[in-house]
Structures are given as C-alpha cells and as structure tokens.
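Q: I am new to this structure and would like a close look at one part of it. Please pick a single helix, go through its surroundings, and then place that part within the chain.

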Amino acid sequence: MSKQTPRTLSGFMELLPPAQQQMERMMEVLRRTYSLYGFTPLDTPVIESSEVLLAKGGGETEKQIYRFTKGDADLSLRFDLTVPLAKYVALHYNDLTFPFRRYQIGKVYRGERAQRGRFREFYQADIDVIGDGQLSILNEAEIPAIIYKTFSTLGLRRFQIRVNNRKILNGFYEMQGLSERSGDIMRTVDKLDKIGADKVGAILVDDLGLSREQSDEILRFISISGSNDQVLSALSGYAGRSPLFDEGLSELNSVSSSLTAFGVPAEHFAVDLTIARGLDYYTGTVYETTLLDHPEIGSVCSGGRYDNLAEFYTDKKLPGVGISIGLTRLFYVLGEQKMLNPDLPTAPADVLILPMTEDLSAAIALATSFREAGIRTQLHCEQKKFKQKISYADKLGIPYVIFLGEDEIAGGIVACKDMATGEQSKLSPADAITLIRAGLAEKNSGAVILG
C-alpha cells in the first residue's frame, strides 16, 4: 500500500512542542489579565449555520468564508469571534447579566491568500463589554488600560495605544457636506500608514470624486498632531459646527482624562485622528495598538465601540465595546523578530524520575508525591540505556532529573540533578520539592516577550 506524504495546508500554523509552550504562555497571560478585569471566559462553536454567520451578508466576508454542506445543512466556519458573540448574546439574552463582560481565545478561519504573517486558520483573543440599552463611556476608557496591562505583563515596553472617535470623523465630514461618502472616505484614510498621504489624496480625488480642496482639508485635519492635550485643544477649534462632532470630542476628552486614573502612562497613549477602523459598525471610540520599534508590523490589537452588536438577531439595543488581538500573527511576528524569551522553560515536565530498580513502587510513590505538590513530573520506565535517558531529559529541556536507586530508597532520600548547572544533591523528598520549587520560580520569573 502506498504511503500518503504528510503535509500541512498552506496558511495553517503547526508548532513544534517548544514553540507551542511559548504560545500557551502567551494565552495564559491573556486569560489571567482579562480575568483581573472581571471578564468571564466564553467558547462558541467553530461551525455555525451559514445564515447565522452571514446575517449581515455580502462584502469581503462572504468571499473569504469557508462554507460547506453536510446533508441538508448549509454550514460555515466562523471568520471572527464577534459575530458568534452577537448570536450568543441575542440567543441567551434572558439568561445573561448586563453589562456582560466576556473574553474568548479561539481559532477563526478566512479563505484568503496565505502570505508571510497572514494565516487562514489563526487564533484571535477578544474582550467585549455588552450593555443592555446603554453602556457607560467609562468602559471605553478602561479598554486601553486592559491593553496596557496585557502587553506590559507579556513583557512589551515600547508600544502605543492610538485612540480616536468615529463621531469626530463623521461630524467633520458632515461639516464638509460629505456625510454620504464618509464610510468610503474613512476606509481610504485608514490606509494612510500603508500607502502614505499622497496616494490617499489621489484616491480621494480620483476614485471618490472629491475636489482637491476637500481632499486637502481632510488630510490637513487628520494630520493634527502633538501631545494629547495639544490635539484635543486643536479639535476644540472645530466645536459648535456639528452636534455629532461635539459629542465625539466630549467622549474623547472623557476617555483621555480617565486613562491616568486607570494607570496608563502618557507615553503609551496617543490621540490619533488617522485611526478610523475600516469596519462600518464602529460608532464611537476606536483603538489601534502598534509596536514602536516595529511599525512595519502594523496594528497588533484593534477594536472600538459599536452601538448595536446584535442588530441582525434581535430588536434589543445591545451596545458594546471591545478589542481583538490577532494572536497567531503576533506570535509569528514576535518569533521572526527574535522577541520571544528563549530562556523560559518550554519542557513538558519539571522533573524526570529515573528508577534504577526493577521494583517501581517507590518511584511511582515519589512521582505521585511530586505531582500532589504541583510539580509536573514524568516517570521514565522505558528499557533504555542510562545515557539515552539523560539525553531524553536534555532534548526536552526538563530542568531536573531524579535518580532513585536501591541506596536512595533505603536511605529515604533522592539524588536530584539540576540539568542546567550539572549540580547533583542528595536530599529528602520534601527538601527536593523545596529545592525544585525555588529553582522553577527563578526559571519562570522572566517575561514571555523581550520588550
């Protein structure tokens, strides 16, 4: 029988064990940090009815979705975590307590062309706060604090959370008599970092039909820069000409003034009028987060405020605010930039016990006591040469090896070897646990990312 050559589909990430351990560490930091802010974990199905996922219909989403039939069912793989959240909240509305705060880390699927740093299957890590009828502006101020805490805990130091408000932009375009084309204009302006002001201006004139004066005024407006206070002061010069603009400016002032109380240093937060977010459902505050030393990466965390999460599933008004981290892409880029901490342990176990006797009862009892003490323990009972067993521990990066022979069993002790230093000690099992715990605490003390 001929053998099938094993392969992984293009655009699907498959990690070796050490890299998977690094990814798991990042996920654990996210889970722990999101929980600190009172978010509950959520897991929605990977497969949904196509009519549910595509309730909004049309556009690029429908072109990229993985869609198939099973019997009479028309099914699709989820392409983000927001639409399933909308369905979930509408479906379970009577069973949820609002504001509903959830985080979700899960795989999503998009049938787009696979390229460097972009995948067809990838993890997103989302948080959202959903209100029932209304939602306090304070939630929009807390989101940057959560981003700051998350990235700082991961080990990043040089990053900036850029914030704007869609009401300011829509109000400005209203002043210019361009309300009907504001969506197209914002999607164009959103490309500013990628293609530059000249090309954005050309698209505004040549493709959208704006006059050169209108294009120049838009580029002049979004180029307002300086400190946060300077930008907000410059924006106040436009006040009084559009109620929508004034509302957006008030919200942006509120978000900005609350950030210090939430513990976000000024250098990590910037009011940036170029931030628009291309998706039309954002209606208020919008966010993008960039790594200052790697602007070529683009945004590593984005999101914003939306007025009605579940409008395609229910008549109830469910406003929300949320952010999403493209975790797989971020992990890929960090690895490519050599920013993942190589000194953190990636072994599947903390200790490898090597029994040196035919009777394994003492080794089993020792392994059980180590596990009860919270130490991840492997028991190596294969018929291998001693050198091969040590090589096994070395290749996996297991930090400690315990030798248990007749003399150790008789003396009620163990021989414990630190694989990093080569130092070997004979200790009681209790003292070995204390030694290993202290060593593991030191080995695991570093951040996941070299910031």
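A: What follows looks at helix α12, then at the strands around it, and then at the rest of the chain.

The model is a predicted one. Helix α12 covers residues 327–336, and its buried residues are L327, T328, L330, F331, V333 and L334. An α-helix has 3.6 residues a turn, so residues three or four places apart point the same way. Among the buried residues of α12 are L327, L330 and L334. The cover over these buried residues includes one helix, α1 (17–36), and the strands β5 (100–109), β6 (121–130), β9 (282–291) and β11 (320–326). Just after α12 comes K338, where phi is positive, at about 60°.

Strand β11, residues 320–326, is part of that cover. Six of the seven residues of β11 are themselves buried, so the strand is mostly covered. Two strands pair with β11 in the lines of the sheet described here. With β6, β11 runs antiparallel, and seven bridges join the two. In this pairing D128 stands opposite G322 of β11. Strand β10, residues 301–306, also runs antiparallel to β11, with six bridges between them. Here Y306 is placed opposite G320 of β11.The pairing carries on from β10 to β9, again antiparallel, through five bridges. One residue pair there is T289 and C301, the latter lying in β10.

These strands belong to an open sheet of eight strands, in the order β1-β5-β6-β11-β10-β9-β7-β8, with mixed pairing. The edges of the sheet are β1 (40–41) and β8 (269–271); each has a single partner strand, so one side of each is left without a neighbour in the sheet. In the sheet order, β11 stands between β6 and β10. Of the strands in this sheet, β5, β6, β9 and β11 are among the elements that cover the buried residues of α12.

The loop between β5 and β6 holds R113. In contrast to the buried residues of α12, R113 is exposed, with a relative accessible area of 60%. From C-alpha to C-alpha, R113 lies 27 Å from A86, and the two are 27 residues apart in sequence.

How does this part fit into the chain? The domain assignment gives domain 1 as 17–336 and domain 2 as 351–443. Helix α12, at residues 327–336, therefore falls at the end of domain 1, whose bounds are 17–336. The centres of the two domains, taken over C-alpha atoms, are 49 Å apart.

The structure also holds one cavity of 30 Å³ or more. Its volume is about 30 Å³. The residues lining this cavity are Q22, R25, L340, N341, L344 and V448. By class, three of the lining residues are nonpolar, two are polar and one is charged. Q22 and R25 of the lining fall within the residue range of α1 (17–36), the helix that helps cover α12.

For the chain as a whole, the secondary structure comes to 16 helices and 16 strands. The C-alpha trace spans about 90 × 55 × 45 Å along its principal axes. The chain has 451 residues, and 48% of them count as buried. Among contacts between residues at least 6 apart in sequence, 69% join residues at least 24 apart.

Terms used. Residues numbered from 1 in each chain as written. Predicted model: local features only at pLDDT ≥ 70, side-chain atom pairs only at ≥ 80, totals over all residues. Heavy atoms only, no water. Buried < 20%, exposed > 50% of the residue type's maximum accessible area, 1.4 Å probe, protein only. Helix = DSSP H or I, 4+ residues; strand = E, 2+ residues; numbered from the N terminus. Contact = heavy atoms within 4.5 Å. Pairing = 2+ DSSP bridges. 1 Å grid on protein atoms, 1.4 Å probe; cavity = no way out; pocket = protein on both sides within 12 Å on 5 of 7 lines; lining within 4 Å. Points joined across faces, edges and corners; volume = space filled by probe spheres on them. Nonpolar A, V, L, I, M, F, W, Y, C, P; charged D, E, K, R; others polar.
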